Amino acid sequence: MSERIRNVTFAQAIRTAIREEMKHDEKVILFGEDVAQYGGVYGATTGLQHEFGDDRVRDTPISEMAIAGMAVGAALAGYRPIAEIMYCDFLTQASDAIVNHAAKWRYMSGEQFKLPLVVRSPAGGGAGYAAQHSQALEAWFVHIPGLKVVMPSSPRDARGLLKAAIRDDNPVVFIEHKDHYSYKAEMPTAEEIIPLGSAEVKWQGTDCTLVAWSKTLTYALQAAEHLAKEGISVEVIDPRTLQPLDTDTICNSVAKTGHLVIAHEAVKFGGFGAEIAAQVVEKAWDNLTKPPLRIGAPFVPLPYSQPLETFVIPQVKDVVKQITEYLGA
Amino acid sequence: MGAIDRQQLLEFYEGMLRIRFFEEKIRDVLHPQGLLRGSSHLCIGQEAVAVGAMHALQQDDYVLSTHRGHGHALAKGMEPYVMFAEILGRKSGCCQGKGGSMHLAETALNFVGQAPVVGSNAPMGAGLALAARLEGSSRLAATFFGEGALNTGAFQEAANIAALWRLPVIFLCENNLYAISVPLDKSSAVTRLESRLCCYGIEGRRVNGMDVVEVYEAVQQATEQMRTEPFPAYLVFDTYRFQGHHTADKESYRPTEEAIAEFRERDPIHILEYKMIDDHTVDIDTTIEYRDRIRDEIDRAFEKAVAAPWPEPREALNGVYAQKEAE
C-alpha cells in the first residue's frame, strides 16, 4: 500500500494531475480565462504558469468560442490542450467547437485526425450562484457521439481521471463541481491513472443500488451511512465517467440488490438518470424487483435564495426519504 | 506580370481549369442526375482565390476551408477522384464517405478540412497557428471564409486573440457579395471589409480576387513577413460566385441579368487566358489543349468514382473514437 497524503483538496488534485501531465508531455498546454497569473477562479491552476511558462499556460480574453475552437485547432496540430471554461453554463457559448467540431472531426474525416483535448468546467449549484452559474449540463454532452464525459467526485478520482483524459486521444468534457474544490480527502502520492469508463463501488451494500456522481455522490454516501443505521444496506456506485458508461458494474450490483436508484443534481426530466435506468431495464430487467427510481431536480431553473435552492437540489435527506419509501412501498 | 514565369502561369491556369471543370461536373451531371446528396456549394467564379493563395502558401501550411471548399481542396492538391468518390458517398472517398461535399479533408496535404459552420474556422485557424508558433516552425495557418463570417462572434473573438498572441494565421476573405441571399450592404455595417479587423491592429488589404496573379502576389507578400515575425494577416478578395449559394438555390435575390453579365466579363479563367495570349505566353491552341486535357482528367476521375464501391452500411458505426486511451 502506497504512502498516502491526507487532506488534499480537490483543487490540489486537479493541479497535481495537470502538473504531472505537463511534465510528462510537452504537448500538453493549458489556456482559459484567469487560469494563468490568477491560477483559476477556484485556484485549480495556481502556480502552473510560473512553473511551465507563458507559452504553455495562457490567460485568454473572455472568449469562450475562441477558447474551445483554438483547443480544437491545437489538437488537430498534435497538441494536447486543456481548455478551461469558467462555468459549465458557459459551455453553451463554447458548444459549437465542442459539439460540432471536436466531437465529429475524426468521424467526418474518415478517421484521419485525432482530437486529444480536454475541456474542464466547473458545474453545479449549492453556493447561491443562481440560474446562469450553477447548471449541471452533463446530459447535453453525453448525447454527442465522439465526446467523453467525466464527472469525478473525489480528489483521488479527479487526479486519476484527469490524467487519463489528458492522455486520451479523444475530446473529453471534464466537469468538476464548484462546491468540491475545497473538499479534502486522501490521495496517493504515487502517480495513478484511472481508466475512463470504469465505475467504482464506493460503499458496499445488499438491499439497493444507488448510482450517483459528482457532488451528489457525496450526498449518496452520507445517505447510505444514515440508512445503514436504520438497517437498510445501500450499495453506492460512482460511474465516474458518464461516457463511456460502465454499465456492467451497475448491472452486477443490481443483480445482487434487485433495486436501482439514480440520484443527480441536474433536472430529472431528460437527465442522465433516465439513460442509466433504461440501460439497466434493457440489460437486467429480470434482476429488478421493481422499476428504477430517479432522484433529480424539479423542472425549474436554479433559484438564488437559499431555501429555494436547497429545495430544488436533491439533499441527503431527500435521498434518504425517497430510498426508504422506494424500498418500503 | 513581373516575376511570374510562364510555367507558373500555366500552373495557375491548370489549377483553375481543374476547379471549374470539377464544379461543372457537379452542376451539370451530379446534381441533375440526382447523384448528389444534400447540397453542394459551388465556387465557380472564385477559382483565382483558391489557386493564387494556395500557390503562395507552402505545402506544410495548414489550410482550413468552408462549405464552399472544393476549390481549396483541389488547389491544395487533392485528387479529383477521391473528392468525387467522397461527394458520391463511396468508400474510397477521402473521408470514406462519411463527410461529403462539406467535409473534405486530407491530413497528408495539411488540408485540415472544411468547417461549414460559418465563422467556426477562425478560432480553429488560430489554434493551428498557436501550435505552429509553439513548435517554433515557420509554417502558418490559412483560413478561408466568406464575407458573412466576419459577422460572427467566433470570428471576432479569434481575430482578437490571434493579434493579442501574435499568431501566424492568415485570414482570407472571399467577398462574393452574398451571404446566401443577403447582399453585403444588408449584412455588414461597413462595406469596406478590409477595415473590419483594424480595431485589433490587423490591417486588411483589398485585392482583386478575379486575377490569380494579383491574388498570388498579395498572399505571397502577406505571408513572407509572418513567417519570421508572426502576426495575423488579413486579405479581402473581391470575387463573385457565378452559381447559387448551393446547387438548389433559386437565386431570386440576384440583381438584373446585366449586372451578372458584368461579373461574367471578369471570369478569372478568361482574364488569365486573355493575359497569356496577349503576352504571347501561350497561343490559343495551347489553351485548347489544356482545356481538353483537364476536362478529360475530370471525366475519367468522375467515371471511376461513379463505379467505386459503396461502404458497407455497418461501417457507419466505426471511427467515432480513437482507440488510444491512457496507458
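I count a residue as buried if 20 or more other C-beta atoms lie within 10 Å of its own. The structure I am examining is a predicted model.

**Entry: burial.** I applied that cut-off to chain A and found that buried residues make up 60% of its 329 residues.

**Entry: secondary structure and overall form.** I looked up the elements of chain A and recorded 12 helices and 14 strands. I then compared the radius of gyration, 19 Å, with the 20 Å that the globule rule gives for 329 residues; the two are close, so chain A is as compact as a globular protein of that length. Along the principal axes, I noted that the C-alpha atoms fill a box of roughly 60 × 45 × 45 Å.

**Entry: contacts along the sequence.** I considered contacts in chain A between residues at least 6 apart in sequence, and 79% of these join residues at least 24 apart.

**Entry: domains.** I recorded two domains in chain A, with domain 1 spanning 8-188 and domain 2 spanning 200-328. Taken over C-alpha atoms, their centres are separated by 26 Å. I next looked at how many residues each domain of chain A brings to the contact: domain 1 gives 24 residues and domain 2 gives 22 residues.

**Entry: the side of domain 1 that touches domain 2.** Which elements of chain A each supply at least two residues of this side? I listed α6 (138-142), β6 (148-150) and α7 (155-167). Sorting the residues of this side of domain 1 of chain A by class, I obtained 11 nonpolar, nine polar and four charged residues.

Notes. Residues are numbered from 1 along each chain as its sequence is written. Chains are lettered from A and ligands numbered from 1 in the order in which they are written. This is a predicted model: local features need pLDDT of at least 70, side-chain atom pairs count only at pLDDT 80 or more; totals for chains, interfaces and linings use all residues. Helices (H or I, at least four residues) and strands (E, at least two) are DSSP runs, numbered from the N terminus. The radius of gyration is taken over C-alpha atoms; the globule rule is 2.2 Å times the number of residues to the power 0.38. A residue is buried if 20 or more other C-beta atoms lie within 10 Å of its own, exposed if 12 or fewer, and partly exposed in between; C-beta atoms are placed from the backbone. Two residues are in contact if their C-beta atoms, placed from the backbone, lie within 7 Å. Domain bounds come from an automatic or database domain assignment. Ala, Val, Leu, Ile, Met, Phe, Trp, Tyr, Cys and Pro count as nonpolar, Asp, Glu, Lys and Arg as charged, and the others, Gly among them, as polar.
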